[in-house]
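Please walk me through this structure, starting from a single residue and working outward to the whole chain.

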Amino acid sequence: MSTPVEPTNPPTTPPAAPVEPQKSPEDLIAELTAERDKWKALSRQNEKKWEDTSGELAKLKEAQMTEAEKAIEAARTEGRNSALSEVGTDLVTAEMALQAATAGVTLPPAEYLNVSKFLGDDGRPNKEAVKSFVETLPKAKEEFPNLQGAGKQSGGAPEITTMDPNELADLITGGSIF
């Protein structure tokens, strides 16, 4: 009895992918820049839509509020602004110190500054006002500290030319080293 022989198909190789010509660096940069700009524009459009939708949602919520809810929300806002104005001066002082340190200037003493003028309407520091104030301050003069012992020294202990213990003991006991 003979067994049927199955026909074998020769292995097929997949068709080779077309080879794209190499792009120049300038073309590649231009292509990537265009792609980046496209995504930036889409992102800005989405941000604008989100802001518009959020504004509409806030208006709808406000329109559906009862008088009591509106009064509660106004009290919350007033309380938030009041709390921020209380700590706002500390925040302004910290912002001034930060920007002054960054700019390398010295702030005048706090008792001479009216830091409440640097608060925004929301009780937070107005960073632009602080920055413009700090930019008007004079730069600190660079002074070198008076270092004791710096520079060429005259007199003093004799030169130690060797580390021989006998000679060191003679210098110490003779009182000439101190």
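**From one residue to the chain**

Leucine 91 lies in helix α2. The model is a predicted one, and the description below follows this helix and its surroundings before turning to the chain. With a relative accessible area of 39%, leucine 91 is partly exposed, since the cut-off for a buried residue is under 20% and that for an exposed one is over 50%. Its C-alpha atom is 9.9 Å from that of phenylalanine 118, a residue 27 positions away in sequence.

Methionine 96 is also found in helix α2. Here the relative accessible area is 1%, so methionine 96 counts as buried. Leaving aside residues up to four places away in sequence, methionine 96 touches Leu107, Leu113, Val115, Phe118, Val130, Phe133 and Val134. The C-alpha atom of methionine 96 is separated by 9.9 Å from that of alanine 129, and the two residues are 33 apart along the chain.

The helix that holds both residues can be checked for length. Helix α2 runs over residues 67-103, which is 37 residues; at 1.5 Å a residue these should span 54 Å, and the end C-alpha atoms are 50 Å apart, so the two values agree. The helix has a bend of about 45° at valine 87. Just after α2 comes glycine 104, with a positive phi of about 75°.

Which residues of α2 are buried? They are Leu84, Gly88, Val92, Glu95, Met96, Gln99 and Ala100. An α-helix has 3.6 residues a turn, so residues three or four places apart point the same way. The buried residues of α2 pack against α3, which covers residues 127-136.

The packing of these two helices can be described by an angle and a distance. The axes of α2 and α3 are 10 Å apart, and the helices pack at an angle of about 45°. The pair is therefore oblique, because an angle under 35 degrees would count as roughly parallel and one of 65 to 115 as roughly perpendicular. The crossing of α2 and α3 is right-handed. On the α2 side the contact is made by Val92, Glu95, Met96, Gln99, Ala100 and Ala103, and on the α3 side by Lys127, Val130, Lys131, Phe133 and Val134. Among the α3 residues in this contact, Val130, Phe133 and Val134 are also touched by methionine 96.

What does the secondary structure of the chain come to? There are four helices and zero strands, and along the sequence the pattern reads α-α-α-α. The chain has 178 residues, of which buried residues make up 10%. Of the contacts in the chain with a separation of 6 or more, 56% are between residues 24 or more positions apart.

Key:
Residues are numbered from 1 along each chain as its sequence is written. This is a predicted model: local features need pLDDT of at least 70, side-chain atom pairs count only at pLDDT 80 or more; totals for chains, interfaces and linings use all residues. Side-chain values use heavy atoms; hydrogens and water are left out. The expected span of a helix is 1.5 Å times one less than its number of residues. The bend at a residue is the angle between axes fitted to the seven residues ending there and the seven starting there. Buried means under 20% relative accessible area, exposed over 50%, partly exposed in between (1.4 Å probe, protein chains only). Contact means heavy atoms within 4.5 Å. Axes are lines fitted to C-alpha atoms, for helices over the stretch in contact, and angles run from 0 to 180 degrees between N-to-C directions. Angles under 35 degrees count as roughly parallel, over 145 as roughly antiparallel, 65 to 115 as roughly perpendicular and the rest as oblique. A crossing is left-handed if the near helix is turned anticlockwise from the far one by less than a right angle, and right-handed if clockwise.
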